[in-house]
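Good morning, colleagues. Please have the sequence and the structure in view while I speak.

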Amino acid sequence: MTAKSGTGIRALIVDDEPIAREGLRDLLSSEADISVVGEAGDGLTAAEEILSKKPDVVFLDIQMPEVDGFAVVEAVGPGEMPPVVFVTAF
C-alpha cells in the first residue's frame with residue numbers, strides 16, 4: 001500500500017468498543033509510517049469521517065450496532081472507499 005504524497009499512511013480507526021479502538025491505536029503507534037487521523041465509534045460517523053478525511057486505510061469493525069462495517073463500505077461507495085482492514089472481536 002502506498003501513501004499519498006509521501007506523508008506516510010493515514011489511518012482511520014472505526015470500532016464501537018473504546019477499548020478496541022485504544023488497542024488498535026496502540027498497535028499502530030509503533031509503526032513510524034502510519035498516523036491515525038481519526039476515530040469513529042459508529043458506522044454513520046465512520047462514513048462521514050472517511051469522506052471528509054480521505055484516509056489511506058480504514059481499520060473497520062465488522063459488527064457494530066445499527067450500521068455495520070459492510071454498510072459503511074456501501075454508504076461510502078466503491079469510488080471513495082479506501083482499502084479496508086476488517087477487524088472484529090469475534
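I shall go from the overall fold to the first helix, then to the nonpolar cores and two buried residues.

Please bear in mind that this is a predicted model. The protein chain contains three helices and four strands, and along the sequence these elements follow the pattern β-α-β-α-β-α-β. The radius of gyration is 12 Å, close to the 12 Å that the globule rule gives for 90 residues, so the chain is as compact as a globular protein of that length. Along the principal axes, the C-alpha trace spans about 35 × 30 × 20 Å.

Some totals for the chain may be useful here. Buried residues account for 37% of the 90 residues. The accessible surface comes to about 5,200 Å², and 57% of that surface belongs to carbon and sulfur atoms. If we take the contacts between residues at least 6 apart in sequence, 70% of them join residues at least 24 apart.

Let us turn to helix 1. This helix runs over residues 18-29, twelve residues in all, and reaches 16 Å from its first C-alpha to its last, close to the 16 Å expected at 1.5 Å a residue. Which residues of helix 1 are buried? They are Arg21, Leu24 and Leu28. These three cover an arc of only 65° around the axis, which puts them on the same side of helix 1. The cover over the buried residues of helix 1 includes strand 1 (9-14), strand 2 (34-40), strand 3 (57-61) and strand 4 (84-87). On the face turned away from the buried side, helix 1 carries the exposed residues Ile19, Leu27 and Ser29.

I come next to the nonpolar cores. The largest nonpolar core has 13 residues, and those touching the most other members are Val14, Ile50, Val58, Leu60, Val72, Val76 and Met81. Strand 1, helix 2 (43-53), strand 3 and helix 3 (69-76) each supply at least two residues of this core. Which element gives the most to it? The answer is helix 2, with three residues. Apart from this core lies another, of eight residues, among them Ile9, Leu24, Leu28 and Val87. Leu24 and Leu28 are thus members of that other core, and both were named a moment ago among the buried residues of helix 1.

Two individual residues deserve a closer look. The first is Met81, which lies in the loop between helix 3 and strand 4. Is Met81 buried or exposed? At 14% relative accessibility, Met81 counts as buried, the cut-off being under 20%. Leaving aside neighbours within four places in sequence, Met81 is in contact with Ile50, Val58, Leu60, Val73 and Val76. For Met81 and Leu44, the separation is 37 residues in sequence and 14 Å in space, C-alpha to C-alpha.

The second residue is Glu49, which lies in helix 2. Glu49 is also buried, with a relative accessible area of 16%. What does Glu49 touch, not counting residues up to four places away in sequence? Its partners are Leu12, Glu39, Lys54 and Pro55.

To summarise, the chain follows a β-α-β-α-β-α-β pattern. Helix 1 has its buried residues on the same side, and the largest nonpolar core takes its greatest contribution from helix 2. Thank you for your attention.

Note on methods:
Residues numbered from 1 in each chain as written. Predicted model: local features only at pLDDT ≥ 70, side-chain atom pairs only at ≥ 80, totals over all residues. Heavy atoms only, no water. Expected span 1.5 Å × (residues − 1). Buried < 20%, exposed > 50% of the residue type's maximum accessible area, 1.4 Å probe, protein only. Arc of directions from axis to C-beta. Contact = heavy atoms within 4.5 Å. Rg over C-alpha atoms; globule rule 2.2 N^0.38 Å. Areas by Shrake-Rupley, 256 points an atom, 1.4 Å probe, with all protein chains shown as cover. Core = buried A, V, L, I, M, F, W, Y, C linked by side-chain atoms within 4.5 Å.
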